[in-house]
Amino acid sequence: MIEIPEKIEIANLPTRIEKLERLSDKLGGPSIYIKRDDQTGTEFSGNKIRKLEFSIKEAIDRKCDTIITFGGVQSNHCRAIAAVSAKLGLKSYLILRENNDIKLDGNLFLDKLFGANIEFINCENYENEKTEAADKIKEKLKSRGHKVYTIPSGASNGIGSFGYYKAMQEIIFQEKELGIHFDKIVIAAGSGGTYSGLLLGSKIFNYRGEIIGISVSDSREKFKNKVCEILSESVNYINIPLSFSKDEIDVLDNYVGEGYGLSSREELKFINEFAKLEGIILDPVYTGKAMYGLSCEIAKGKFSDCKNILFINTGGIFGIFPQKYLFDFSN
Ligand SMILES: *Cc1c(COP(=O)(O)O)cnc(C)c1O
């Protein structure tokens, strides 16, 4: 039996798997299923809470009382940290990448509501200044007797990826329960922790399906490097030797569109069509781009050899509200 780190129990698990009847019919390709990781919780909604169950457990075990983390202004990860910190009586500090006009909307509004401490750094200086900003906060808190635990962007590191290792185990169990085998599992790929965890699980449990990431920001090469880096950290936590090569990582980078957090007309139109077709909300930053990409690939005949595809709805619902004015309902 393989031993993995312990976690706390916060997310609503297991999440349901449902068939997207109307989308599958419309595309006329494989049957598409959706795993509702957007329903891991209301405040914790999305994929980040699965990772945080492991990261926060490590923080608590190390007797830390304060969490520092990083992300974009509309980071789902930061919002999940703010919520979970409130619940557990921890302090949270969010170092957010700001754009020009900061709207108190969506996730940022919730960060405030949950009482997170927020520091903004503008986009140009963010990569250079964020570590220094975190160190400053850490020093200040240390001098006041607090102990800080730092979580990287998206909780995409060795410990965080066990969240999706467990999700892979959950999917394999659900396959048996439902009597369905998924030929492919498709996810939105951002900071890489979700993909890493699924790949780790698929290797350990000898999963027969393939995991495909659809990048929302980085190039294929950059994403592969990130995943290898995360996995080399993860294997340090387990008692079996494992190695991963870049060839095992399958990621499409032709659906990034206009860039991270930027939505094209086609993507927004697709989110609208999908909502009308299935009664499910995709978010503009991650799942909207990824499901749009999957649909385009199916329309191109790319997955014609597949019977069943599982798309994981990794959440992000609150991120749609700051972009509501970009939707065109005129026709
Ligand atoms: C963070 C996020 C992702 C991407 O997950 P990573 O582990 O960062 O690759 C996908 N969907 C949503 C809604 C997210 O918030």
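Reader: Which residue in S4 does Ile-68 stand opposite?
Author: Keep in mind that this is a predicted model. S3 and strand S4 (residues 91–98) run parallel and are joined by seven bridges. Across that pairing, the residue in S4 standing opposite Ile-68 is Tyr-93.

Reader: What is the order of the strands in the open sheet?
Author: Start from the rims: strand S5 (117–122) and S6 are the edge strands, each pairing on one side only. The sheet has four strands with parallel pairing, and their order is S5-S4-S3-S6.

Reader: Which strands does helix H3 lie across, and at what angle to S3 does helix H3 run?
Author: Helix H3 covers residues 76–88. Helix H3 lies across S3, S4 and S6, and its angle to S3 is about 155 degrees.

Reader: Is Lys-63 buried or exposed?
Author: Lys-63 sits in the loop between helix H2 (48–61) and strand S3 (66–72). Its phi is positive, about 65 degrees, although Lys-63 is not a glycine. The cut-off for exposed is over 50%. Lys-63 has a relative accessible area of 67%, so it counts as exposed.

Reader: And Ala-155, is that one buried or exposed?
Author: Ala-155 also has a positive phi, near 50 degrees, without being a glycine. You'll find Ala-155 in the loop between strand S6 (148–151) and helix H6 (162–178). Buried means under 20%. Ala-155 has 0% relative accessibility, so it is buried.

Reader: Is the peptide bond from Leu-13 to Pro-14 cis or trans?
Author: Most peptide bonds are trans. Pro-14 lies in the segment before strand S1 (17–19). The bond from Leu-13 to Pro-14 has omega near -5 degrees, and it is cis.

Technical notes. Residues are numbered from 1 along each chain as its sequence is written. This is a predicted model: local features need pLDDT of at least 70, side-chain atom pairs count only at pLDDT 80 or more; totals for chains, interfaces and linings use all residues. Side-chain values use heavy atoms; hydrogens and water are left out. Helices (H or I, at least four residues) and strands (E, at least two) are DSSP runs, numbered from the N terminus. Buried means under 20% relative accessible area, exposed over 50%, partly exposed in between (1.4 Å probe, protein chains only). Two strands pair if DSSP finds at least two bridges between them. Contact means heavy atoms within 4.5 Å. Axes are lines fitted to C-alpha atoms, for helices over the stretch in contact, and angles run from 0 to 180 degrees between N-to-C directions.
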